[in-house]
Structure formats: structure tokens, C-alpha cells
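Reader: I am new to this structure, and I would like to understand the terms used for it. Could you take my questions one at a time?

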Amino acid sequence: MVVWSPEKTMEWCVVGEDDGVVSKKSRRNGMATRKVIGVKLRRPPWITNTQAPSMASSLRFALFSGVSSTRSDRTLPNFKLFRYRNSLSVRCSGGEPSSSPAMAAGGSDFDAKAFRHNLTRSDNYNRKGFGHKKEALELMSQEYFSDIIKTLKENNYEYTWGNVTVKLAEAYGFCWGVERAIQIAYEAKIQFPDKKTWITNEIIHNPTVNKRLEEMEVKDVPIEDGSKLFDVVDNGDVVILPAFGAAVEEMVTLSNKKVQIVDTTCSWVSKVWNMVDKHKKGGYTSIIHGKYGHEETIATASFAGKYVIVKNMGEATYVCDYILGGQLKGSSSTREAFLEKFKSAISRGFDPDKDLVKTGVANQTTMLKGETEEIGKLLERTMMQKFGERQDAMYKLVDDKIDLMLVVGGWNSSNTSHLQEIAEERGIPSYWIDSEKRIGPGNRIAYKLMHGEYVEKENWLPKGPITIGVTSGASTPDKVVGDALMKGEREREGSCEKHIKFKRTRGAISATHLQLRWT
């Protein structure tokens, strides 16, 4: 399981679950390490080995940066309602949707994780049941138990009736997350027999179970023109969130209405939410392997910042090919074509030219595990090809004896900003310009620092012998670099052509990495 950031050279992370221990392997500059970062979530004791959690085998990708949060009062603030997707929105009688950017999808000021953290500690929220586990499991056994399946299990998953032999897969049927969700829903009806009870989506994708909840008078929140009509839900009603989870916007609405929230979200799903939240806080774009119209993926996207949802390997390849400018498959998608293709599967305001530089991978937990693994590997290779070798060359260059760096590339280029960052971190005077026009008369230069601060400096090229390192961003033509060098020497003194010695470092991709010595 891989996350990739071009900020650090040749760094990758793999999350593994071996013998219940979750560990992180990482490699940087040829050195490999392994660090235990947690333990695997155990299934409840009432689930047998044959009901091993299928959701648990799905992959969850994350960044490994700490996220802090503070516990607040059990009473939640009254958030305003807002719209979050073109395909689905929520509506209630509490007022018009808010236009506040903090509450808009992908809004940087609204902390979805912090909100949910507070919600789970409020008095009107429950996700652990109501003490009626025994009665709930008895009802479930009566309604969903099969003598035939019991016979197969008792006979090593194989049994012959007459001349027909049936073999049962050792892992099948209800995963623990589904069984838990049904159990808690049943407990809610036992706890609140006379209260009106709603559910925001099908609790699971099974008509038998959903029909049974309907017979127990658990009503679906109605949908009209793609919008859920939460105005039918009254203060004091019970609302069940299904195993796939619910979008954070729906949680805000229900919290404001002071209903009793019964959350049956699978724990593996909520772990994915935590991970895309880390992507968001770290400035990463989440590549979500899932179906954009699926309830779980909608919920996951609501916790993300920038995101692209890819349904399969083909769509993931399209994204990676765009990152590489057509080098992967020889095609060259335009920005407009990209936005059209993923118009229902990207975050609001998504710009593929800016938002595909730092990426993390997450998934809908019911997608094919193997395909998610392949998407992660493809993204890792893509980001290494796009950014890794260029940054390796930059690290090698700054390790040489140089007096200053000249970084040439667009000021809106994220990958160029990271090249500038490498030099600044090493304490080397570095000048990031977008063209030779930034070099002016009198040996002056106008440049930017890694975070975008604009600076002007005189006599940036000192007299006497000097060694300058030069690099350029992924979209910078060699001519722009050459023009900057020539103009810098003309403005300093003498002719650049008579005094330059070139040394090209290995690993450059579509960019010039060289060392100059002016004497």
C-alpha cells in the first residue's frame, strides 16, 4: 500500500498487516526501515473464522503524519446545512443551504474529522448498541440462519446430497461489519419501539435484510431530484446510518435536528475516512478506487480534500498517463478532456495540472483488493518517473560544492517549488525564476522562495570565481534555462561562453541539471 510525495526523494511507504501487526516499511536513498505503527483490528468474538471480514482485506492507504484533535463539550455547535455534490444533496426545513466556503465540499476551513469526533461523543449518538445484543442475535439467527449451511460447515465445507456435491467457500456471506450493522439496527428497534425510525440508505446491499427492516418500520429517507429530503425527519426521531457510512454533510444535518443517531458504519470504512482526512491535512490529493455513485465512496469523498475517483485500472491508467503527459500510453489528454471524463468523480474546483503532484491512494472497501494494489503500484511508478529522478539529481547536485543555486521554472509549478525547497533546506542561497526577464541591469534578480515569497536582490552574482548549480522544472524548455544563464553572465560581467564549464548530472528528465563555474 503506497503513498507518494515528490517532496522527499525516493521515499515510499508500504503498509502491511502481518500476524495482526500493522507496520510501515520505507526506503530513502537506498536505506530500508520497518516501523510498527499499530495493530490489526480484531473481529468481534461472535464471528467465526469462516466469517472472516471481507471488508478487512480491502486496502486502506494513508499518510503517516500525526493529526491532533481536542475533545470538546458533548454539545455540538449548530452547523449550517450545505450542498456537497451535484449528484446528491441534503435538504431540510432549517433554512437555505449555506454558501460559506468553509462548509462547501473540499472547504479547507471545515474539519470533517473534528466534527465527527465531537459527534461521536454527543448524547444523541450511538454506535455500540443499547445492551440488547443477545436479543438481537437471537432474532438474526431465526431470520438468517440456514441448516444447509450449518451442515456444510460441519463437514469441512463439502457435502453430498444424492448425486450432487456442494462445496462452500471457507470465507463467505456476512462479514463482521455487516453482521454488526444489522445487530445494532435491531438493537435500536428494541430500544426505541415507539419512535419513528429512518435510515439514510440501504443498510447493506441485500434485499432480504432491507425488506426485513422495512417490515420493522424502518423507513428510507426520501429522495427527490437527487436530494435527500431530511425535512421529513423530526426532532427526537431515530436515524440509522448504514454499514457503508454517510456523508459528513448528512451527519451535520442530523446533528442540527437533534435526532437520535444510530451509526452502524463499518470500522474499516471509518478507517479509510481517517486516512483521506490525513491526505487532506497534508495537502495530498486522494486517488479513490471506487464507484463515484456508491454510498461508501460518496461518504469517503466527503471527508477528503482534493480527490479523483477511479473505477478501475483503466481509469487509473488514464490519470497516470495525464500526469506523464502521454508518456505512459502515447496519448495526450487535454485538461478539458480530463475534466469532462471525471466530471462526476472529482472534488469541486479540481485542477489536474495542479492537484496531481502530491497523491495518496484510498479505496472503497468492497472493491477488488488486487486491483487496488495494482493501482497503488502504478501511481507509485508514475510519480517516481515524473518527479523522483529529477529530485535525486537535485540532491546529488546540492551535495557538491556549489555556492548558489539557480532554479528555473514557472512560479505556479509545484514540482519546481520542491526543487527550490531542497536547496533552501540545505542552506544554499537559491534563486527561483520563471524566465530570464527576472534578471535585470546592475546584477539584480527578482525571484521567489519555496513558499512563494517574492524577493528582489542586488549583486546576486558575486565577483570572482563562483560555482553555480542549475536545475529546472518538469515543464521548462532548455532554451529558457540557457537564456537565463547567458543574461546572468552578461549582467554580471564578461561573456558567459568563455567561462562556463558544464557538468550534467544523471537522472535528469526533460530538465537541465548542470554545474557552472564562472571565473
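Author: What follows is a set of questions and answers about a helix, some salt bridges and the nonpolar cores. This is a predicted model, in which local features need pLDDT of at least 70 and side-chain atom pairs count only at pLDDT 80 or more, while totals for chains, interfaces and linings use all residues. Residues are numbered from 1 along each chain as its sequence is written, and side-chain values use heavy atoms, with hydrogens and water left out.

Reader: What makes helix 4 mostly covered?

Author: Buried means under 20% relative accessible area, exposed over 50%, and partly exposed in between, with a 1.4 Å probe and protein chains only. In helix 4, 14 of the 16 residues are buried, and the helix is therefore described as mostly covered.

Reader: Why is the pair Arg116 and Asp263 called a salt bridge?

Author: A salt bridge is a side-chain nitrogen of Lys or Arg within 4 Å of a carboxyl oxygen of Asp or Glu. The closest N and O atoms of Arg116 and Asp263 are 3.6 Å apart, so the pair qualifies. The two residues come from distant parts of the chain, Arg116 from helix 1 (residues 112-119) and Asp263 from strand 14 (residues 260-263), 147 residues apart. Both Arg116 and Asp263 are buried.

Reader: What makes Arg335 and Asp353 a salt bridge, and why are they called partly exposed?

Author: Their closest N and O atoms are 3.9 Å apart, which is within 4 Å, so this pair also qualifies. Arg335 has a relative accessible area of 31%, so it counts as partly exposed. Asp353, at 48%, is called partly exposed because this value also lies between the two cut-offs.

Reader: How do you know that Lys377 and Glu374 form a salt bridge, and where do they lie?

Author: Their side chains meet at 3.8 Å, N to O, and therefore satisfy the 4 Å limit. Both lie in helix 11 (residues 369-399), 3 residues apart, about one turn of the helix. Lys377 has a relative accessible area of 40%, so it is partly exposed. Glu374, at 36%, is partly exposed as well.

Reader: What makes a group of residues a nonpolar core?

Author: A nonpolar core is a set of buried Ala, Val, Leu, Ile, Met, Phe, Trp, Tyr and Cys residues joined through side-chain atoms within 4.5 Å. The largest has 54 residues, of which Val308, Val310, Val319, Phe342 and Leu356 touch the most other members. A second, separate core of 23 residues includes Phe130, Ile182, Ala185 and Val209.

Note on methods. Helix = DSSP H or I, 4+ residues; strand = E, 2+ residues; numbered from the N terminus.
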